Amino acid sequence: MDAVLKDHRTAPISDKEEALFAFVAKVNQASNQITREDVEEAQAAGWSDEALYDAITVCALFNFLNIWVDATGVHDMPAMAYAMSGHRLATQGYL
């Protein structure tokens with residue numbers, strides 16, 4: 001994971017994963033310049049339309065939330081709160 005975060009292009013990942021990371025990078029850097037060729041490259045690597053739609057949606061939501069958090073000054077939770085939330089989700093689920 002550290003290698004992917006550092007540079008997905010040199011990380012030891014599959015060609016299929018690399019294609020998705022390249023697509024996601026373009027979504028994040030130049031979403032208004034996504035072309036049919038970009039989609040076809042990801043599809044040729046094995047990603048479905050649904051998977052690409054999901055990737056775009058996740059990117060958009062994370063970008064929205066990051067901008068919202070930065071603009072409103074919302075602070076991150078302490079590590080203990082994440083641990084408690086994770087435990088609750090693991091033992092009780094989302095309900």
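This is a short walk through the charged pairs and the nonpolar core of a predicted model.

**Stop 1: Asp38**

Start by selecting Asp38, which you'll find in helix H3, residues 36-44. Is it buried or exposed? With a relative accessibility of 17%, Asp38 falls under the 20% cut-off, so it counts as buried. Turn on the side chain and look for the backbone nitrogen of Thr35: the Asp38 side chain reaches that atom at 2.8 Å. Now show what surrounds Asp38. Skipping neighbours within four places in sequence, the residues in contact with Asp38 are Phe23, Lys26 and Gln33.

**Stop 2: across to Lys26**

Keep Asp38 on screen and add Lys26. These two form a salt bridge, and their closest N and O atoms are 2.8 Å apart. The pair ties together distant parts of the chain, with Lys26 in helix H2 and Asp38 in helix H3, 12 residues apart. As background, side chains of opposite charge can pair when their charged atoms come close. Color the two by accessibility if you like: Lys26 has a relative accessible area of 24% and is partly exposed, while Asp38 is buried at 17%.

**Stop 3: the other salt bridges**

How many salt bridges does a search of the whole structure find? It finds three, and you've just seen the one between Lys26 and Asp38.

Stay in helix H3 for another: select Glu40 and Arg36, whose salt bridge has its closest N and O atoms 3.5 Å apart. Why look along the helix here? Glu40 and Arg36 are four residues apart in helix H3, so about one helical turn separates them. Both ends are partly exposed: Glu40 has a relative accessible area of 41%, and Arg36 has one of 48%.

Next, jump to Arg9 and Asp7. This pair forms a salt bridge too, with 2.9 Å between the closest N and O atoms. Arg9 has 62% relative accessibility, which is over the 50% cut-off, so Arg9 counts as exposed.

**Stop 4: Glu18**

Leave Arg9 displayed and select Glu18, which sits in helix H2, residues 15-30. Setting aside neighbours within four places in sequence, Glu18 is in contact with His8, Arg9 and Ile13. Zoom in on His8 in particular: its side chain and that of Glu18 make a polar contact at 2.9 Å. Glu18 comes out as partly exposed, at 21% relative accessibility. Before moving on, draw a C-alpha to C-alpha distance from Glu18 to Ala45; you should get 8.9 Å in space, for two residues that are 27 apart in sequence.

**Stop 5: the nonpolar core**

Hide the charged side chains and bring up the largest nonpolar core. Select Leu20, Phe23, Val24, Val27, Val39, Ala42, Trp47, Leu52, Ala55 and Cys59, and you have its 10 residues. Which elements give two or more residues to this core? They are H2, H3 and helix H4, which spans 49-72. H2 gives the most, with four residues.

To see how parts of the core meet, center on Leu20. Apart from its neighbours within four places in sequence, Leu20 is in contact with Trp47, Leu52 and Ala55.

For a last look, bring Phe23 to the front. Phe23 belongs to the core and is also one of the residues in contact with Asp38, which takes you back to where the tour began.

Key:
Residues are numbered from 1 along each chain as its sequence is written. This is a predicted model: local features need pLDDT of at least 70, side-chain atom pairs count only at pLDDT 80 or more; totals for chains, interfaces and linings use all residues. Side-chain values use heavy atoms; hydrogens and water are left out. Buried means under 20% relative accessible area, exposed over 50%, partly exposed in between (1.4 Å probe, protein chains only). A polar contact is a pair of N or O atoms within 3.5 Å; within protein, one must be able to donate a hydrogen and the other to accept it, and residues adjacent in sequence count only if both atoms are side-chain atoms. Contact means heavy atoms within 4.5 Å. A salt bridge is a side-chain nitrogen of Lys or Arg within 4 Å of a carboxyl oxygen of Asp or Glu. A nonpolar core is a set of buried Ala, Val, Leu, Ile, Met, Phe, Trp, Tyr and Cys residues joined through side-chain atoms within 4.5 Å.
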